[in-house]
2 protein chains.
Amino acid sequence: MADLYLALLHHPVYDKTGAVVTTAVTNLDVHDIARMARTFGVRAYYVCTPVDTLRRLVARIMRHWERGPGATYNTTRRDALALVRLAPELDAAIAEIEDETGHLPRLIATSARGGPDRLSFDALRARLDAPGPPVLLVFGTGWGLAREVMDRVDDVLEPISGVGPYNHLSVRAAAAIMLDRLRNGR
Amino acid sequence: MADLYLALLHHPVYDKTGAVVTTAVTNLDVHDIARMARTFGVRAYYVCTPVDTLRRLVARIMRHWERGPGATYNTTRRDALALVRLAPELDAAIAEIEDETGHLPRLIATSARGGPDRLSFDALRARLDAPGPPVLLVFGTGWGLAREVMDRVDDVLEPISGVGPYNHLSVRAAAAIMLDRLRNGR
């Protein structure tokens with residue numbers, strides 16, 4: 001099976017006006033996505049932010065669960081957070097994955113918006129089930145990944161549809177659904 | 001189609017030692033589950049806590065998004081939070097659903113643990129797609145729903161499996177996956 005990695009980008013992403021911004025790190029994004037990463041066989045989960053202070057904050061949260069009081073309080077949380085890695089930007093995550101696996105990862109962006117040539121869940125699932133280069137699934141915060149990210153990825157995954165036009169899931173919820181579909185089918 | 005309702009119980013649930021406790025309300029549980037409820041065609045989402053102060057806190061969050069600054073800042077959030085209802089306990093939610101629909105809802109508990117006679121996602125999906133009484137899907141916080149809840153429900157939904165034995169999703173992530181499976185198949 002191809003290795004699956006996740007990255008959650010806090011920059012460059014859009015705000016509601018369409019400006020490119022850096023969002024704050026949400027503590028529960030670290031925990032929730034780490035837990036689903038462990039559940040669904042993700043090799044590592046990169047929290048990407050250019051803000052040093054926020055990377056230090058996440059490092060402190062990780063230490064709490066790895067070696068601090070959290071390590072004995074909740075061992076399943078420790079197992080999940082062991083998958084979290086910090087990176088200042090997407091390229092740092094890509095470089096680390098290349099070092100680790102010997103291959104540049106295929107970059108797959110996620111988006112709540114449809115568009116031409118979206119990669120289907122079935123197609124990505126089949127790719128993950130076969131031998132091949134690692135896959136890095138990229139999630140945006142705020143109002144979504146900026147164009148400069150979308151323009152460089154190999155593919156964009158199809159959006160999640162509900163029962164009507166409303167489609168405003170949290171990135172945590174979208175990531176959970178996507179991982180379930182990629183591992184368990186849809 | 002049968003009406004689908006959700007309830008998130010903060011009591012009676014287990015803590016990690018197996019004691020029955022009342023958990024605090026997590027702000028993001030209100031937001032995330034409301035957003036997925038709107039996306040996946042849920043009729044209403046009950047946040048159940050016996051603690052008056054916490055119900056007032058949630059009511060204040062709802063007001064912020066319904067009529068306060070949030071209503072114009074983010075209209076999609078307002079649309080989602082309009083589905084949130086407060087109840088001191090499960091029975092209050094059941095009574096309200098009976099008032100609203102004229103039928104007692106079928107109670108379906110969710111659990112991360114397997115067991116005998118679990119209801120499959122396919123079976124519940126088929127039930128929701130056909131005419132019938134409303135369905136109330138009950139989620140626990142903390143370490144899961146207490147036995148007194150499990151003993152009174154009509155069915156328990158099968159747990160979500162990952163790629164191995166690890167199965168410690170947040171309730172937000174589990175709810176997202178379950179709703180996706182119930183509406184879009186698995």
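Colleague: Is D180(B) buried or exposed, and what is its relative accessible area?

Modeller: This is a predicted model, and in it a residue counts as buried when its relative accessible area is under 20%. D180(B) falls below that cut-off, so it is buried, with a relative accessible area of 1%.

Colleague: With which residue does D180(B) form a salt bridge?

Modeller: Side chains of opposite charge can pair when their charged atoms come close. Here the closest N and O atoms are 2.6 Å apart, and the pair is made up of D180(B) and R181(A). The contact crosses between chains, running from helix α8 (residues 171–184) of chain B to helix α8 (residues 171–184) of chain A. On the chain A side the residue is likewise buried, with a relative accessible area of 1%, and the partner asked for is R181(A).

Colleague: How many salt bridges does the structure hold over all chains, and which residue does R43(A) pair with?

Modeller: Over all chains, the structure holds 26 salt bridges. In the one formed by R43(A), the closest N and O atoms are 2.8 Å apart, and the other member is D3(A). This pair links distant parts of the chain, 40 residues apart, as R43(A) sits in the loop between α1 (27–39) and β4 (44–48) of chain A and its partner in the segment before β1 (4–9) of chain A. R43(A) is partly exposed at a relative accessible area of 35%, and partly exposed too, at 27%, is the partner D3(A).

Colleague: Why are R55(B) and D52(B) separated by about one helical turn?

Modeller: The side chains of R55(B) and D52(B) meet in a salt bridge, with 2.7 Å from N to O. R55(B) is buried with a relative accessible area of 18%, whereas D52(B) counts as partly exposed at 42% relative accessibility. The separation of about one helical turn follows because the two residues belong to helix α2 (residues 52–66) of chain B and stand there three residues apart.

Colleague: In which order do the strands of the open sheet of chain B run?

Modeller: Strands of a sheet pair through backbone hydrogen bonds, either parallel or antiparallel. In chain B six strands form the open sheet, with parallel pairing, in the order β5-β4-β1-β7-β6-β8. The edges are held by β5 (84–87) and β8 (155–156) of chain B, each of which has a single partner strand, so one side of each is left without a neighbour in the sheet. Chain A also has six strands in an open sheet with parallel pairing, and the order there is β5-β4-β1-β7-β6-β8.

Colleague: What is the bridge partner of L107(B) in β7(B)?

Modeller: Strand β6 (residues 106–109) and strand β7 (residues 135–140) of chain B pair in the parallel sense over four bridges. In β7(B), the residue that partners L107(B) is L136(B).

Colleague: At about what angle to β4(B) does helix α1 of chain B run?

Modeller: Helix α1 (residues 27–39) of chain B lies across β1 (4–9), β4 (44–48) and β5 of that chain. The angle that the helix makes with β4(B) is about 160°.

Colleague: Which residue of β4(A) stands opposite A7(A)?

Modeller: β1(A) and β4(A) run parallel and are joined by five bridges. Opposite A7(A), in β4(A), stands Y46(A).

Colleague: How many aromatic pairs does a search of the whole structure find, and which residue forms one with Y46(A)?

Modeller: The search finds two aromatic pairs over all chains. One of them is tilted, at 6.5 Å centre to centre and 35° between the planes, and joins Y46(A) to Y5(A). The pair links strand β4 of chain A to strand β1 of chain A, with the residues 41 places apart. Y46(A) is buried with a relative accessible area of 0%, and also buried at 0% is the partner, Y5(A).

Colleague: Which residues does M1(B) contact, leaving aside its neighbours within four places in sequence?

Modeller: M1(B) lies in the segment before β1 of chain B. At 64% relative accessibility it counts as exposed. With those sequence neighbours left aside, M1(B) is in contact with L128(B), D129(B), A130(B) and R183(B).

Colleague: What turn lays chain A on chain B?

Modeller: The superposition has an RMSD of 0.0 Å and a shift of 0.0 Å along the axis, and the turn is 180°. That is the relation of a two-fold axis. The same surface serves both copies, as 100% of the contact residues of chain A recur in chain B, and the turn asked for is 180°.

Note on methods
Residues numbered from 1 in each chain as written. Chains lettered and ligands numbered in written order. Predicted model: local features only at pLDDT ≥ 70, side-chain atom pairs only at ≥ 80, totals over all residues. Heavy atoms only, no water. Pairing = 2+ DSSP bridges. Contact = heavy atoms within 4.5 Å. Axes fitted to C-alpha atoms, helices over the stretch in contact; angles between N-to-C directions. Salt bridge = Lys/Arg side-chain N within 4 Å of Asp/Glu carboxyl O. Buried < 20%, exposed > 50% of the residue type's maximum accessible area, 1.4 Å probe, protein only. Least-squares fit on C-alpha atoms with pLDDT ≥ 70 in both. Phe/Tyr/Trp six-rings, centres within 6.5 Å; stacked < 30°, edge-to-face > 60°.
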